[in-house]
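This report describes selected strand pairings and backbone features of one protein chain. The sequence and the structure follow.

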Amino acid sequence: MRTNLRTSSSRLVAASLAAGALLLGAIMPAGAVNIGHSSIVSETPAAGTPNIRDGRVNALLVLGTRVYVGGTFSTVRNPGSSTDITRRFIFAFNTANGTVDTTFRPNLTGAVEAIAPGPDGSIFVGGKFNQTNGQGAPYRRLVRLNGTTGATVTSFRANPDDQVLDLDVRNGQLYVGGEFFNIGGAARSGMARLDMASGNADPTFHVSFTDPYTPPPFPGRDPATPVLRVWKFDITPDNSKLVATGNFRRVDGEPREQIAILDLGVSPVAVTPWSTDFFRQTDPDVADQNSLQAAWCIPAFAHYIRGVDISPDGSYFAAVTTGANWLHPSCDSMTRFDLGDYTPNQQPEWVTQTGGDSFHSVLVTGAAIYGGGHQQFVNNPYNPNRCGFCTNPFPGGVARTGFSAHDPRNGMPFTWNPVRQPRGKGVLAMMSTTAGFYFGSDTDRIHGLTRQKLAFMPLAGGVTQAPENPYTLPGNFYTVGQTGSPDALLRRSFDGTTFVNPATDLGTGWSDVHGAFALNGRLYTGQSNGTLTVRTFDGTTAGSTSTINLYGLENAPGPQYLIPGTSDPIPGLATTIPSLTGMAIDKGFIYYTVQGDPRLYARAFTQQSQILGAPLLVASTGDGVDWAQVRGMTIASGTMYFALSDGTLNAMAWNGGAYGQGHPTGSATQIGGPLIDGTDWASNAFFVMS
């Protein structure tokens, strides 16, 4: 649907007033901790935001009833207006009606990269400008402004010697990241903590970021030797830890490539032992570390992490990258890292890849992780060309144009797909509020509506993902295609140890099922024709089946993509599903077994979008179970129940590991079988409903 801003002025006024009522609730506290959400925002942007005619938005701050916007622009318009308003690099607008603030008019001479709240309604502004309100040093690159008028607060004199790229305010102190080597009257390499009144550097924060990565020569590119930079950072809600990203390779002398976590709870502040090699710039197995062949991501970037954001509850952070689909899954990806374990050699809990297009920003709201960039696809790791772009999806790839919302449990995309066009460079700034979130970009349309460089995505009209509450025992235990009843669905009452009543036959027509699980009143089944289906199920009666879109995973991704830990190519699901002998769902992952295969597999699955993860995980290669002989499997109430080809029914404790790492523990107990209860339990599928 196309919106014409020059028609029906009365309707435009009404729309703006309606949006004002919505946006008035979008209050951000004085600090930069994300506002958490319980649902996914609407795909339709709200009315009532200004239109930015040129440049791009790099920074956003919501403070009371004002929204401050920073970037590279020079001209804006009020909602519904065709009158240009000159605002170079920064402006403010009112949340109640979206109109540009006429009193806030600072005069900056260069791009704004970051904005943070200051004392007494003031704001801090960082960027590349060399003058503020007609004054140069010390009022360059980082200044404190009156939040109402834009006048310079002259007592604050940080005077960094190079650009400022990120800001945050916590516990009455200002954290600054950038390319400077001197700030606040002291030597600081890329990061500092400043007094908010004077701008003086805190002597207890003197962490040394060093050794910037210099990319090797790349055809068509000639990157200059990079200046050390801290690009983006975030701080946990309890103000105890800081996650910093940039082009550094050492922090306080310790190896930390592109990312490090600082301990803010000690004095002086120090780097924690936490480390990861996931974001290395080079392959350690290549002898010449300065060669093109050594580069993990496309060697046109001194750093490829582009955004980092900590969850509102402080339990994890998400990072997004550029880098093209070169040699490593860290390129053009979104990852989740759990916080709490600050030991070395950490790896991401999950990775989702675009297949060759960049993410540039990330926002974690608890209900979703939003990735903004110029991605065309997500869940798209099988790009064999290692190209810097992706014109079509590969097996698993799902179209998400320039914006995507992901399930925090597994990285799978939700149905949310507002389609931001043109994609441009991408979404470069996001900030959540109690009513939704603002985003800034370098393009003009979202969800078919004109919102130039700036939009608000409201919670109103969004969707809530049903919680994954697996069925528990006592309840009903179902067998499909059990020995002696190959076409029947049988139901038995089961308390986890004893079957109380004889089986109830719920009818025939089930011989094509291979593996099944039930969740939220839906029954998911693998079929002998190689499809995965879903139908409603109330415990007795099943509805008609619908085929789940596998987005090309029915096909093998290619001979170079191997089952983890093996030299065997990953098979297509069209050949795997007819051989399934069991399926179960736990914490956003489907676990399944394949006849004759000695492994327990896992793939991510999000019910809201019914999208299956492209990456294949191996959850277990034993743990006391001969997976090749499984003939029916389910998980309920912390126990895995499985039958074997000899007809025995067994129970084992299930460790409930997240991120596809679940597996049985301890020893199996036989609770049924031909020699125990006179029943041959071998089946095509088990599932539980309570």
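Which residue in strand 23 is the bridge partner of Ile310? The partner is Phe317. The model is predicted, so to speak, by computation alone: local features require pLDDT of at least 70 and side-chain atom pairs count only at pLDDT 80 or more, while totals for chains, interfaces and linings use all residues. Residues are numbered from 1 along each chain as its sequence is written, and side-chain values use heavy atoms, with hydrogens and water left out.

**Strand 23 and its neighbours**

Strand 23 covers residues 316-321; strands (E, at least two residues) are DSSP runs, numbered from the N terminus. On one side strand 23 pairs with strand 22 (residues 305-310), in the antiparallel sense and over five bridges, where two strands count as paired if DSSP finds at least two bridges between them. Strands 22 and 23 form a hairpin, with five residues between them. Within this turn, Gly314 has a positive phi of about 75°.

Strand 23 also pairs with strand 24 (residues 333-338), again in the antiparallel sense and over five bridges. In that pairing, Tyr316 has Asp338 of strand 24 as its bridge partner.

How many residues of strand 23 are buried? Six of its six residues are buried, a term that denotes under 20% relative accessible area, with exposed meaning over 50% and partly exposed the range in between (1.4 Å probe, protein chains only). In a regular strand the side chains alternate between the two faces of the sheet. Here both faces are covered: Tyr316, Ala318 and Val320 are buried on one side, and Phe317, Ala319 and Thr321 are buried on the other.

**Backbone geometry in the loops**

Most residues other than glycine have a negative phi, and most peptide bonds are trans. The table lists four departures from these tendencies.

| Site | Feature | Value |
|---|---|---|
| Ala137 to Pro138 | cis peptide bond | omega near 10° |
| Gln421 to Pro422 | cis peptide bond | omega about -10° |
| Val419 | positive phi | phi about 60° |
| Lys453 | positive phi | phi about 65° |

Pro138 is placed in the loop between strand 8 (123-127) and strand 9 (142-145). The loop between strand 31 (420-421) and strand 32 (427-433) holds Pro422, and Val419 is found in the loop between strand 30 (403-406) and strand 31. Lys453 lies in the loop between strand 35 (449-450) and strand 36 (454-458).

Val419 is partly exposed, with a relative accessible area of 27%, whereas Lys453 is buried, at 5%.

Technical notes. Helices (H or I, at least four residues) and strands (E, at least two) are DSSP runs, numbered from the N terminus.
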